[in-house]
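Subject: Structure for you to look at

Hi,

Here is the structure I promised to pass on. Have a look at it first, and then read my notes underneath.

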Amino acid sequence: MRAHFVLSEIGVGLRRNVTMTLAVIVSVALSLALLGGSLLARKQVNSMENYWYDRVEVSIFLCNANDAETGDPACARGAVTEEQKEQIDAELAEYDLVDNVYFETAEEAFEHYQEQQQDSPIAAVVTPDQMQESFRVKLTDPTKYEVISSAFAGRDGVQSVRDQRSTLEPLFNLLNGVNYAALGLMALMLVVALLLIVNTVRVSAFSRRRETGIMRLVGASSFYIQMPFILEATIAGMLGALLACVLLVGVKQFAIDTFLADEIQVIDFVGWDAVLSVLPWVLVVGALMPSIAAFFALRKYLKV
């Protein structure tokens, strides 16, 4: 195969269909940017889940005199006794699932409440005797919270058992929903890009039907005739993939590192290693998707 002829045919095709080629590049870039963004979002959610779930605790809140006086059904038998606290502490130590146990007194709970709610008018009227003592339990596997809950909820002296995972799951469900929406939009954009590629190949094949007819008459192989069209689509796809990589790098540099990392310091955002691991996939999809689409389109629109 003469490389000069193939390259010249590619140049002719790109010049004749410059508008549609630009449309293919833009649509491929947007769809692959969404693909890369979805992969990074998945990594971000997994990182956040691992970070926060490793730090969540199961809290066993104990009844105090105020709970018993106000008629809390869980504390109908009165405030927790020292014997009950010792029994709970001893039972927690027997669980292999329990990694660490911290006992928070009413005074410590009051200090923490005052620090967290210092701007609230309610904080001024809350007294230490209204705060509950609690066991803060760190689990080796936070997903097995039900083991602790079923063992201690409802027993004498225990007001409630709460899992901090329940406060985090709505956030992660929201993030997963956004990620799925991005994947859906990416799939739609990929369909648009595929339709544009097929249409571009069809127009290009029609505009060069005389040249391909001559090549068939002189005995050129199907691969030799199809190669310029496939490479045109591949080049457009690669340009779109490169533009998508630039968009992802720009979002990481200017949106995340420059702005979000300073504004939202409680989140450990994905690093450059995650971005660099996604870029090769974007380039591979950008090269393969248009070439495969062009190959099957030529089977219909270019009879060789």
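Below is what I found on nonpolar cores, aromatic pairs and charges over rings.

Before anything else, keep in mind that this is a predicted model.

I'd start with the cores. Nonpolar side chains tend to be buried together in soluble globular proteins. Here the largest nonpolar core has 31 residues, and those touching the most other members are Val28, Leu32, Ile197 and Val282. Four helices each put in at least two residues: α2 (18–53), α7 (165–207), α9 (222–263) and α10 (272–301). The top contributor is α10, with 10 residues.

If you want one spot to zoom in on, try Ile197. Leaving aside residues up to four places away in sequence, Ile197 touches Val24, Val28, Ala233, Met289, Pro290, Ala293 and Ala294. There is also a second core, separate from that one, with 16 residues; Val58, Ile88, Leu139 and Phe152 are among them.

On to the aromatics, where I get 3 pairs. I'll walk you through two, Tyr95 with Phe152 and Phe103 with Phe135.

Tyr95 and Phe152 make a tilted pair, at 6.2 Å centre to centre with 50° between the planes. This one joins distant parts of the chain: Tyr95 is in the loop between α4 (82–93) and β2 (98–104), Phe152 is in helix α6 (residues 145–152), and 57 residues separate them. Which of the two is buried? Phe152 is, at 0% relative accessibility, whereas Tyr95 has a relative accessible area of 25% and is partly exposed. The cut-off for buried is under 20%, so Tyr95 at 25% falls outside it.

Then there is Phe103 with Phe135: the ring centres are 5.0 Å apart and the planes sit at 55°, so this pair is tilted. Edge-to-face would need an angle over 60 degrees. Again distant parts of the chain are linked, with Phe103 in strand β2 and Phe135 in strand β3 (residues 134–139), 32 residues apart. Phe135 counts as buried at 3% relative accessibility, while Phe103, at 27%, counts as partly exposed.

Last, a couple of charges over rings. Arg162 has its charged end over the ring of Phe61, 4.6 Å from the ring's centre. Lys252 lies over the face of Trp272, and there the distance to the ring centre is 5.7 Å.

Happy to talk it over whenever suits you.

Cheers

Key. Residues numbered from 1 in each chain as written. Predicted model: local features only at pLDDT ≥ 70, side-chain atom pairs only at ≥ 80, totals over all residues. Heavy atoms only, no water. Core = buried A, V, L, I, M, F, W, Y, C linked by side-chain atoms within 4.5 Å. Buried < 20%, exposed > 50% of the residue type's maximum accessible area, 1.4 Å probe, protein only. Contact = heavy atoms within 4.5 Å. Phe/Tyr/Trp six-rings, centres within 6.5 Å; stacked < 30°, edge-to-face > 60°. Lys NZ or Arg CZ within 6 Å of the ring centre and 35° of its normal.
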